[in-house]
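Trainee: Could you take me through one part of this model closely, the metal site, and then show me how it sits in the rest of the fold?

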Amino acid sequence: MNHAGEYGAIRIYSAQIAVARRLWPDMVPALQQMLDDEIDHCAKFYAAMPERGSRPCRVMQLWSLGGSLLGLLTAMAGRRAIWTCTAAVEETVHQHLDEQLHFLENRDTGLHSIISSIREEELAHLEHAETALDGAPHSRVRTALRSLIALITDILIWLSTWGDSTRMTRALKAARANGTA
Ligand SMILES: [Fe+2]
Ligand SMILES: [Fe+2]
């Protein structure tokens, strides 16, 4: 589940870098830094999978294609579109990681610490994007774009995790009823 999201992020940043090399070369180092982080996240999740009996994500192709397409389109649309995309995706991912952390707290401390460290870096990505957008006039197009990308990310996360998420929600409810969460 999580590795698929990281994989999607890798595709977004890779596509953006490919376009930015031609159109916005000054943005390449920052995007490259984020790409390196995402590659690292993806590897960490992969490494954590076998011992927990997780299987690769069933909608991997969708993440891959969606990520590339999103990266390509936003990079062609301009600098602000790139940062809007980063902000929307990272924010959505961040909320998702928060839910997982809450769930894992007393259940899997190993995975909990992996996700905590990754969340720090996702937060740095989000802050970087917000700072880059700071001062740019608010436009309706940008607000709409941000909501749209957040929605797409949410749908993809939902598609990848519906089985696990339902289990997680049920376990949390049960724990709450027992007074342990
Ligand atoms: Fe990531
Ligand atoms: Fe990220």
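Mentor: Happy to! In this predicted model, the iron ion (ligand 2) takes its protein donors from Glu38 (OE), Glu90 (OE), Glu90 (OE), Glu122 (OE) and His125 (ND1), at 1.9 to 2.5 Å. Glu90 appears twice in that list, each time through an OE atom. If you like to scan sequences for such sites, the spacing of these donors along the chain reads E-x51-E-x31-E-x2-H.

This iron has a partner: the iron ion (ligand 1) lies 3.7 Å from the iron ion (ligand 2), and Glu38 coordinates both. The site also ties together distant parts of the chain, with Glu38 coming from helix 2 (residues 28-48) and Glu90 from helix 4, 52 residues apart. What about solvent exposure? Both Glu38 and Glu90 are buried.

Now let's follow helix 4, the home of Glu90, to its packing against helix 5. Helix 4 covers residues 79-104 and helix 5 covers residues 109-133. Their axes are 8 Å apart and meet at an angle of about 155 degrees. An angle over 145 degrees counts as roughly antiparallel, so that is how helix 4 runs relative to helix 5. The crossing of these two helices is left-handed. As for what fills the contact between helix 4 and helix 5, its residues divide into 14 nonpolar, nine polar and six charged.

Stepping back to the whole chain, you will find six helices and zero strands, which along the sequence gives the pattern α-α-α-α-α-α. The radius of gyration is 17 Å, close to the 16 Å from the globule rule for 181 residues, so the chain is as compact as a globular protein of that length. Along its principal axes, the C-alpha trace spans about 55 × 30 × 25 Å. Of the 181 residues, 44% count as buried.

One last residue is worth a look, this time in helix 1 (residues 2-23), where Ile10 has its place. Its relative accessible area is 14%, and since buried means under 20%, Ile10 counts as buried. Ile10 and His41 are 31 residues apart along the chain, and their C-alpha atoms are separated by 9.7 Å.

So, to pull the site together for you: Glu38 coordinates both iron ions, while Glu90, Glu122 and His125 are among the other donors of the iron ion (ligand 2).

Technical notes. Residues numbered from 1 in each chain as written. Chains lettered and ligands numbered in written order. Predicted model: local features only at pLDDT ≥ 70, side-chain atom pairs only at ≥ 80, totals over all residues. Heavy atoms only, no water. Axes fitted to C-alpha atoms, helices over the stretch in contact; angles between N-to-C directions. Helix = DSSP H or I, 4+ residues; strand = E, 2+ residues; numbered from the N terminus. Parallel < 35°, antiparallel > 145°, perpendicular 65-115°, else oblique. Left-handed = near helix turned anticlockwise from the far one by under 90°. Nonpolar A, V, L, I, M, F, W, Y, C, P; charged D, E, K, R; others polar. Donors = N, O, S within 2.8 Å, 3.2 Å for Na, K, Ca; no water. Buried < 20%, exposed > 50% of the residue type's maximum accessible area, 1.4 Å probe, protein only. Rg over C-alpha atoms; globule rule 2.2 N^0.38 Å.
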